[in-house]
Amino acid sequence: MINHLAIIGVGLIGSSLSLSLKQSGYVKRVTGCGRSEDNLKKGVELGVLDDYQLNISEAIKGTDVVVVAVPLGAMSSVFQQMQSSLDESTVVTDVGSAKATVLRDAHRSLGEFFPQFVPGHPIAGSENSGVEAGVASLYQNRKIILTPEQDTSQSAVAIIDKMWRQTGAEVEMMSVEHHDRVLAATSHLPHMLAFSLVSHLSKMSDQDEIFNYAAGGFRDFTRIASSDPVMWRDICMANGDALLELIEGFKNELSEIAKAIEHKDSEALFELFRDSKHTRDQLRDL
Ligand code: NAP
């Protein structure tokens, strides 16, 4: 049981965690912190928060667990503001979608408290943002990846592991490098494809006509292009190397399709589509 939890950045991910832990009775008090008082007031109204602070060092005083759920580009400044009032019994975790830069930022700013920091990433979410997007069931049957370092306190890892399991999620451990490579492929690249497809079509002269006739396939493929631009800008900045390598590979794949179409190579096209269908069919339970 967590007596006092602080959530820095009360948006989709932070508020969903709070709602889930409150619903199961695993947390007694949740204090929120962010830049917008209206957002935090809304959090209290919606029962996501018990109270709030606009000042990070005030928000984390006397807490058992602090969850940092701000965009990746804001992590460093949040960690810096935490340092002066962290105490040795508080465990800190984050939910950032890329882990190497978060670890670097935490290492620089948390100093002696760094072993109390457990890097984490819930593999759950949606294209919606803000406190009102929070849902208690978001993490049910989803995976949470923790990427502790060698000097991360084992008891801190156990506290964060247990907190996430309370939400109905499954927790896995992974190295930071592995996490960032895998997530670049399964999450970051697909978002780049969705953003670029919508961007490309929106620049065509007959875009109104095109979007008018967009059906299920277009909707499914591009839903994630409605995701928060700040979050995705920050992910690209944080995981650029892994992402660039994948974009290069994808460009080659697309060129192969273009070449086969150009040369009317129906056999090559059929084989590629058949193999992809086979792979996708194996993933029906996703
Ligand atoms: P969100 O709904 O936009 O919430 C982020 C919150 O952070 C906002 O409520 C905002 O509140 C606060 N914030 C923004 N900039 C800040 C700053 N510079 N300093 C302090 N607070 C700031 O975003 P989210 O989807 O919950 O994402 C939060 C984190 O989770 C990100 O690191 C993201 O990579 C990660 N994540 C997202 C998903 C997803 O599908 N969305 C999935 C897994 C992980 P104020 O405006 O009041 O400050």
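How many bridges join strand β8 to β9? Keep that in mind while reading this predicted model.

1. **The answer, and the sheet it belongs to.** Strand β8 covers residues 143-146, and 4 bridges join β8 to β9. These two strands run parallel. One pair to find on screen is Lys143 and its bridge partner in β9, Glu170. Both strands belong to an open sheet of 3 strands, ordered β7-β8-β9. Pairing in this sheet is mixed. The edge strands are β7 (120-123) and β9 (170-173), and each pairs on one side only. On average, neighbouring strands here are turned by 25° against each other, direction ignored.

2. **A second sheet.** Strands of a sheet pair through backbone hydrogen bonds, either parallel or antiparallel. Here is an open sheet of 6 strands with parallel pairing. Read the order as β3-β2-β1-β4-β5-β6. Strands β3 (51-53) and β6 (117-118) stand at the edges. Each has a single partner strand, so one side of each is left without a neighbour in the sheet.

3. **Inside that sheet.** Look at β1 (residues 2-8) and β4 (residues 65-68). They pair in the parallel sense over 4 bridges. Ile8 stands opposite Val68 in β4. Helix α4 (residues 75-82) packs on the sheet and touches β1, β4, β5 (91-94) and β6. The direction of α4 makes about 155° with that of β4.

4. **Two helices in contact.** Next, find helix α11 (residues 240-262) and helix α12 (residues 266-281). Their axes come within 8 Å and cross at roughly 145°. From α11, the contact uses Glu253, Ile257, Ala260 and Ile261. From α12, it uses Ala268, Leu269, Leu272 and Phe273. By class, that contact has 7 nonpolar, no polar and 1 charged residues.

5. **Around the ligand.** Which residues are closest to the ligand? They are Arg35, Ser36, Val70, Ser97 and Gly130, out of 26 that surround the ligand. This shell has 13 nonpolar, 12 polar and 1 charged residues. Helix α1 (12-23) and strand β7 each supply at least two residues of the shell.

6. **Ligand oxygens.** An oxygen atom of the ligand is 2.6 Å from an N or O atom in the side chain of Ser97. Backbone contacts appear too. A polar backbone atom of Arg35 is 2.8 Å from a ligand oxygen. For a polar backbone atom of Ser126, the distance to an oxygen atom of the ligand is 3.3 Å. On its own, the ligand has 880 Å² of accessible area, and the protein covers 86% of this.

Methods
Residues are numbered from 1 along each chain as its sequence is written. This is a predicted model: local features need pLDDT of at least 70, side-chain atom pairs count only at pLDDT 80 or more; totals for chains, interfaces and linings use all residues. Side-chain values use heavy atoms; hydrogens and water are left out. Two strands pair if DSSP finds at least two bridges between them. Axes are lines fitted to C-alpha atoms, for helices over the stretch in contact, and angles run from 0 to 180 degrees between N-to-C directions. Contact means heavy atoms within 4.5 Å. Ala, Val, Leu, Ile, Met, Phe, Trp, Tyr, Cys and Pro count as nonpolar, Asp, Glu, Lys and Arg as charged, and the others, Gly among them, as polar. A residue is near a molecule or strand if one of its heavy atoms lies within 4 Å of it. A polar contact is a pair of N or O atoms within 3.5 Å; within protein, one must be able to donate a hydrogen and the other to accept it, and residues adjacent in sequence count only if both atoms are side-chain atoms. Accessible areas come from the Shrake-Rupley method with a 1.4 Å probe; for residues, only the protein chains shown count as cover.
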